[in-house]
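This report describes the fold, the charges and two selected residues of one protein. The sequence and the structure are shown first.

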Amino acid sequence: MEQAILVKYGEIILKGLNRPIFEDLLVKNIRAALRGLNPEITKAQATTYIHLADESMIGDAMERLTKVFGIVSITRAYVLPKEMEAIKEGTAQCLADVLAGAKTFKVEAKRSDKKFPLQSPDICREVGGYLCAKFPHLAVDVKAPEKTVLVEVRDTNTYVSCDKIKGPGGMPVGTNAKAILLLSGGIDSPVAGYMAAKRGVALEAVHFFSHPYTSDRAKEKVLELAKIISAYTGGMKVHIVPFTQIQLELRKSCPEEQLTILMRRFMMKIAERVAVNNKAIALVTGESIGQVASQTVEALGVTNDAVSLPVFRPVIGMDKDEIVERARMIGTFETSILPYEDCCTIFTPKHPNTKPKLDKIKASEQLLDGEMLIEEAVRGIETIFVS
């Protein structure tokens with residue numbers, strides 16, 4: 001029996017006259033996610049239909065689709081004729097193995113083709129009655145069934161399936177311009193990147209690398225985190241910024257208690273340069289209020305002053321347990337906790353200033369040639385594409 005994958009979306013439906021733009025970008029992202037599987041993709045009536053020449057790859061394709069933002073559900077369906085007897089017999093045949101292990105079920109029907117002679121409640125009764133006769137052990141439970149049989153009568157075919165896989169939701173990546181993610185080796189920033197991408201933001205990343213104080217393994221760890229996130233974003237450029245000289249100059253010239261916030265301001269300024277050079281219009285960070293010294297309200301205000309681009313902080317109101325839970329869900333947690341230090345954990349002052357004053361921070365910045373240090377760091381960037 002021929003099979004297909006039915007993909008459905010949510011928010012895109014509300015986009016009015018712009019909806020085709022969002023749909024086309026979703027199809028583009030689906031095609032990229034299914035690269036190598038040669039999918040045949042069509043769309044109609046708020047549903048995207050995917051046919052594979054090799055149906056043994058449907059399971060793999062569905063797994064990939066769970067990482068495509070904009071999708072709210074994914075269904076493995078059997079393609080049947082638009083004739084009631086064929087629908088009943090085909091449903092029983094195709095779902096026999098699934099229903100054999102269940103005790104209760106219900107049928108949900110959708111009749112998109114209004115010319116079909118039976119309405120949705122009639123289709124439910126017909127198919128449900130046939131399945132009860134075919135599988136006497138089954139009982140109907142419309143409130144909490146073990147299995148839900150889905151029957152969709154559309155313009156060209158009928159699609160029958162049992163249960164749906166939940167998609168990631170959100171908006172297709174690329175519908176909301178591009179931002180630069182400040183990607184450390186920790187738990188928070190990969191989650192922030194995921195959450196920004198879920199709202200349609202295309203991402204590139206910057207990572208600050210302090211050789212020889214941070215090892216190549218720390219760099220490889222960050223590239224692995226980027227690779228995990230890229231499963232949701234469709235690939236990602238990672239800009240590796242040499243940061244050692246800036247940290248050494250700050251430690252030599254500036255008050256120790258200010259080092260954390262001064263380093264953060266330099267990171268933001270360099271990230272903004274990268275953004276401008278790569279046509280990005282915002283920055284994304286993994287900062288959460290009060291989590292560390294550089295993330296107090298006062299410190300965040302001083303950090304914001306360093307740049308003119310908007311700074312988005314998707315995890316700003318989440319506590320650590322919530323961020324860890326999300327990191328586990330998206331698959332970054334185990335990599336994030338690998339014991340390889342990043343540049344944020346070296347040269348850390350014993351007593352960092354948690355309530356920095358902007359005028360004092362700017363006065364300290366005047367003690368060194370910040371513009372020269374930034375330009376030197378930007379010139380030394382190594383860009384790596386991960387997917």
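## Contacts and overall fold

The model is predicted. Among contacts in the protein between residues at least 6 apart in sequence, 79% link residues at least 24 apart.

The secondary structure consists of 14 helices and 15 strands. Along the principal axes, the C-alpha atoms occupy a box of roughly 85 × 35 × 35 Å.

## Burial and surface

The protein has 387 residues, of which 52% count as buried. Its accessible surface amounts to about 18000 Å². Carbon and sulfur atoms account for 52% of that surface.

## Charge distribution

There are 50 positive and 48 negative side chains in the protein. The centres of these two sets are 3 Å apart.

On the surface, D319, D321, E322 and E325 form a negative patch. One of these residues, E325, belongs to helix α11, which spans residues 320-330. E325 counts as exposed because its relative accessibility is 57%, and the cut-off for this class is over 50%.

## A buried loop residue

Q258 lies in the loop that connects α8 (244-253) with α9 (259-277). Is this loop residue, Q258, buried or exposed? Its relative accessibility is 7%, so Q258 counts as buried; the cut-off for that class is under 20%.

Which residues does Q258 touch, not counting those up to four places away in sequence? The contacts of Q258 under this condition are K360, I361 and S364.

Definitions and conventions:
Residues are numbered from 1 along each chain as its sequence is written. This is a predicted model: local features need pLDDT of at least 70, side-chain atom pairs count only at pLDDT 80 or more; totals for chains, interfaces and linings use all residues. Side-chain values use heavy atoms; hydrogens and water are left out. Helices (H or I, at least four residues) and strands (E, at least two) are DSSP runs, numbered from the N terminus. Buried means under 20% relative accessible area, exposed over 50%, partly exposed in between (1.4 Å probe, protein chains only). Contact means heavy atoms within 4.5 Å. Accessible areas come from the Shrake-Rupley method with a 1.4 Å probe; for residues, only the protein chains shown count as cover. Lys and Arg count as positive and Asp and Glu as negative; His and the chain ends are not counted. The place of a charge is taken as NZ of Lys, CZ of Arg, CG of Asp or CD of Glu. Patches are made of residues with over 30% relative accessible area and no salt bridge: like charges are joined within 9 Å, nonpolar side chains (Val, Leu, Ile, Met, Phe, Trp, Tyr) within 5 Å. A salt bridge is a side-chain nitrogen of Lys or Arg within 4 Å of a carboxyl oxygen of Asp or Glu.
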